[in-house]
Amino acid sequence: MGQYLVRRLLISIPTLLVISLVVFAILELSPADPVGNLPLTIPPAVREQIREAMGVNDPFLVKFAKWLRQFMVNEPLNIFEEVTGLNFAPPLSLGQDDLISTGEEGYEELASSLVADVQSTGRSVIVDGQAQEILKSERQYFLQDGSDSPLFLGEMANGIVGRELGSDNVEVAEGELLPLNKSRLRYLSWQTRSPIIDLVIERTPQTLWVVGLSYLAAIFVAVPIGVIQAYRQYSNFDRFTTVFATVGFSIPTFFIGLLFIYFFSVQLGWFPSIYDTTHVVTDLDSFLFQMRQSIMPVTVLALFYMALLSRHTRSSMLENLKLDYVRTARSKGIAERRVVGHHALRNSLIPVVTLIALGIPGVFQGAIITEQIFRVNGLGQLLIIAIQGGDLPTVQTLTFIFAVLNVFFNIVADVLYAVLDPRIRYT
Amino acid sequence: MFGKKIVVVALLLVLCTGVLAPVSAQMGDEINILYWQAVSILNPYLSGGTKDLHGSSIILEPLARYDENGGLVPWLVDELPTVENGGISEDLTSITWTLSEGILWSDGPPLTSADVVFTWEYCVHPDFGCNALSNFADVENVEAVDERTVQVTFGISKPFPYGPFVSHVAPIIQAAQFADCVGANAPNCTDQNFGPIGTGPYMVEEFRANDVVTYVPNPNYREEGKPYFQRVILKGGGDAESAARAVLETGEADYAWNLQIAPAVLNTMEAAGKGTVVTVLDPDVERLMINQTNPAPDLGENRSLYMGGENPHPFLTNDAVWMALSMAIDRNIIAEQLYGAAGQATCNVLAQPAIYASANNDSCLVQDIDGANALLDEAGVVDSDGDGVRELDGVPLSILYQTSTNAVRQSTQALIKQWWAEIGVETELRNIDAGVFFGGDPASPDTYGKFYADIEMYTNSFSGTDPETYMGNWVCAEISGPDNGWLGNNIPRWCNADYEALVAQMAQTVAIEDRISLAMQMNDMLVNSGVMIPLIDRGVASAYSNVLEGVRMNGWDSELWNIADWTRMG
């Protein structure tokens, strides 16, 4: 089992690499233009400059390599460093001779490249074998060597660079330390110009709350319904819930969402139609508000999955109830409740659990429309906005995250299968 | 067992009553604004569109801005510089602004001329793709004369020097905050771009990109007792229709921006009586661009190339033909059925500001299919082979009519196709994804700049209130073609020496009446030479709650330009 798991995890690495390459290539072919939404009053030359600054015109492989590095190396390192407080950036080694005095030839080039390097990689600087911290005050960067006269690295705005400070003409303001790991290059969205991972982290709670809650609700309602349906096949309850499930399955979520808004927000005024993402639960009242604003999106999503899951529970249960072992259990005189709830249900749930695990990534994608309707503004809405705005980096990243979820939950489903069904053994 | 059930039921009931309590009315100290396109960034110089500019206009302010009538109002200055008061030099090459006394940034320090100079340096840095670059066109230098005085010098004489630091497109940012964010480093400054420090009535409390912005009052705001609200919530996402509903029907929000909805739907919502729909007409004019060159595919490389006038369109350059095309259109039907509150029929390419609108072409507002048919018959453009399509010199009047993909545009296309069929003109419709059509990819054959069609439809416009740059779009040098990567502004590929002379004259004219008369002449020339067929003067419809006071809907600046004055009744 352990060996199997390791093999599966290893195989998933090339799978994901291929997926990311395909996602990248397809999106690269898309005609989306990040400046296409700018007002027409902005002249084409300016547009071109904006594109250039965004890196839109980089060749495909360069963009892909950049993305791989930033997404697979930089971002995990950032998160790790933030959590542990360690710094992994390799130090930049520098001899005392590398620094040139003000006015000497080449000092401007050296210092500006130094500052740029320090800023973009987050390296620490070593002078003569001694690690240095970088002091930053307003626009100036200094090497803090512990003495009263820190080495002056450079001034951002006008490029004045000196070597030695401490003379009377340059004053060192009380500076704050440049947060080194923060300055590692990150993968930026074209729309918000901010790190995409931060956007994802900011939005995950909303999506998890709404989507997770609806999935849980769906499971807890659907499984009992399916069991009763199968146990009382062709009863009125079975017929009614079957119709209900068919309706829930066939009517698209956006339509039900609009119906809900019309009845419960416009007509009755019970629930808000706008989801407040900034709401924080602190006490009972705010919790009730959180429930009130989540009820409609959760119900809409839950309806759909409930329909799906109850149908599967029903058919799998029907199959098992007819089998010999159930008859044996009954003839042994075991209570009916135990026969159904323990013997039949446990075996019937095997395919359902697989379905639940495989459905989780689908839930994230299915929430896209619902999030848009209720303004839940989670991951799904982020994806829609990115597509509309031609924000390819965000689309690429989100699509890839969805792909990771898919691969991961496939593995989870397989493992669960083996755990639940003793007949299945992986070697 | 039984007791347990009762407890559970009772608990559920308590929960339900709590949950079902009607949505409470908004708190008096909060205002909810809905933008269905969410704000992505609060730095207007890096923004991706109008919504971002509006979002940042609550925080950042320009030296002067436009009011709802398109008039310039001094904002961070006491007096608007003019030639009369000496603010603009006699040779029109420099303008001097004097900042009002006592304006503080929201974090404490005073606003100085250094901030203004920095704003210019920030935007024009060569490694930075600045959105507002055209506002700073021709600026040679910006220098701080003293703490509160700034002089802007232009490389040429500028009769209308109110581009730099004017309107929500080019506000002042704080030098201290953005000092490390110059040039290529600009996009990396997420904290600054998400929370600029400003002089405006509110400042950012929390910003969630593409979702919601929360603002709180600026403690250092210059006007005593303002702003009124303790918190401004600018929520994004969803669609225009549900935004309108939240203001007009459920009353959950106080203001909703840009309601592009079917007119009938909007009217029904407004009838609920909770809010008001306001419209402003923009200089945006939806028009048909008439290709003056031949786009025939068999020309290969030379499709839609001007070639010094050697490649004319086979029939659209004929006066009778384009006149008939224009006469056959009922602009009022398009306006009423498709645009509603957000559009008005027009016969001018320059329809706003109202003072610039020419009245000479208004005859086009009445559809005249019979007249169009008669005109074509008279000109000898008749259907000679009996296929229902007229011919000019043996070339059938068969038109490829393209535009971007958009429900209203496709409906307009369908209406126009039908009208043109009635005058014996065959039309093939085509729509192209907006990202491709307006995207400037020189390799794509489908951009509006390539214009591989006979007629194309889109909206063109200008920012601010001065049409000089806009009218300058249609000079010969701007003709779109391979030499400028098909990015030239003269899309119809029209070249006229008289027009050129008028453009040159306007660049030397200061008096507003003379500028108006020149602009009108140019407009009439464009419309009466068969270069463009104007259809609709577009506007923006927004809605606000009936309890909100102080809204002055503005099409020339940010809609939230006077949010400091907004209050709630009662």
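Start at helix α8 of chain B: select residues 319–327. This is a predicted model. The buried residues of α8(B) are V321(B), W322(B), A324(B), L325(B), S326(B) and M327(B). Show their surroundings next. They pack against two strands from distant numbering ranges, β11 (275–290) and β18 (532–545), among other elements. Helices α10 (369–378) and α11 (407–422) and strand β13 (391–392) of chain B also pack against these buried residues.

**Back along the chain from α8(B)**

Now select M307(B). It sits in the loop between β11 and α8 of chain B. Check its backbone: phi is near 50 degrees, a positive value in a residue other than glycine. Most residues other than glycine have a negative phi. M307(B) has 13 other C-beta atoms within 10 Å, so it counts as partly exposed.

Go to R493(B) for another case. R493(B) lies in the loop between α13 (468–471) and α14 (497–506) of chain B. Its phi is positive too, about 60 degrees, although R493(B) is not a glycine. Buried or exposed, with its C-beta neighbours inside 10 Å counted? R493(B) has 27 of them, and therefore counts as buried.

**Two cis peptide bonds**

Select K226(B) and P227(B). A cis peptide bond joins them, with omega about -5 degrees. P227(B) is in the loop between β8 and β9 (231–236) of chain B.

Then select Q352(B) and P353(B). The bond from Q352(B) to P353(B) is cis, and omega is near -5 degrees. Look for P353(B) in the loop between β12 (343–345) and α10 of chain B. For context, most peptide bonds are trans.

**Helix α3 of chain B**

Select residues 113–124 of chain B: this is α3(B), with twelve residues. From first C-alpha to last, α3(B) reaches 17 Å, close to the 16 Å expected at 1.5 Å a residue. Colour its buried residues: S113(B), D115(B), V116(B), F118(B), T119(B), W120(B), Y122(B) and C123(B). What do they pack against? Strands β5 (139–146) and β6 (149–154) and helix α4 (175–178) of chain B.

**A helix pair in chain B**

Show α6(B), residues 240–248, with α7(B), residues 263–270. The two pack at an angle of about 20 degrees, their axes 9 Å apart. They are therefore roughly parallel to each other. The crossing of α6(B) past α7(B) is right-handed. Turn on side chains for the contact. From α6(B), pick E241(B), A244(B), R245(B) and L248(B). From α7(B), pick V265(B), L266(B), M269(B) and E270(B), which the α6(B) residues meet. By class, this contact has five nonpolar residues, three charged and no polar.

**Across to chain A**

Keep α6(B) in view and display both chains. In the contact between them, 55 residues of chain B touch 55 residues of chain A. On the chain B side, α6 is one of the elements that each supply at least two residues. The others are α1 (2–20), α5 (190–194), β7 (202–208), β8 (212–217) and α12 (434–437) of chain B. Colour that side by class: 22 residues are nonpolar, 23 polar and ten charged.

Hide chain B and look at chain A alone. Chain A has 427 residues, and 33% of them are buried. Its secondary structure comes to twelve helices and six strands. Of the contacts in chain A with a separation of 6 or more, 68% are between residues 24 or more positions apart.

**F60(A) and its partner**

Select F60(A), in helix α3 (residues 60–84) of chain A. With 11 C-beta neighbours inside 10 Å, F60(A) counts as exposed. Now add F24(A) and draw a distance between the C-alpha atoms. The two residues are 36 apart along the chain, and the separation is 8.5 Å.

**Last stop: a helix pair in chain A**

Select α6(A), residues 236–250, and α8(A), residues 284–321. They pack at an angle of about 130 degrees, with axes 8 Å apart. That makes α6(A) oblique to α8(A). Their crossing is left-handed. On α6(A), show T241(A), A245(A), G248(A) and F249(A). On α8(A), the residues they meet are L303(A), F304(A), M306(A), A307(A), L308(A), S310(A) and R311(A). The residues of this contact divide into seven nonpolar, three polar and one charged.

How values were computed: Residues are numbered from 1 along each chain as its sequence is written. Chains are lettered from A and ligands numbered from 1 in the order in which they are written. This is a predicted model: local features need pLDDT of at least 70, side-chain atom pairs count only at pLDDT 80 or more; totals for chains, interfaces and linings use all residues. Axes are lines fitted to C-alpha atoms, for helices over the stretch in contact, and angles run from 0 to 180 degrees between N-to-C directions. Helices (H or I, at least four residues) and strands (E, at least two) are DSSP runs, numbered from the N terminus. Angles under 35 degrees count as roughly parallel, over 145 as roughly antiparallel, 65 to 115 as roughly perpendicular and the rest as oblique. A crossing is left-handed if the near helix is turned anticlockwise from the far one by less than a right angle, and right-handed if clockwise. Two residues are in contact if their C-beta atoms, placed from the backbone, lie within 7 Å. Ala, Val, Leu, Ile, Met, Phe, Trp, Tyr, Cys and Pro count as nonpolar, Asp, Glu, Lys and Arg as charged, and the others, Gly among them, as polar. The expected span of a helix is 1.5 Å times one less than its number of residues. A residue is buried if 20 or more other C-beta atoms lie within 10 Å of its own, exposed if 12 or fewer, and partly exposed in between; C-beta atoms are placed from the backbone.
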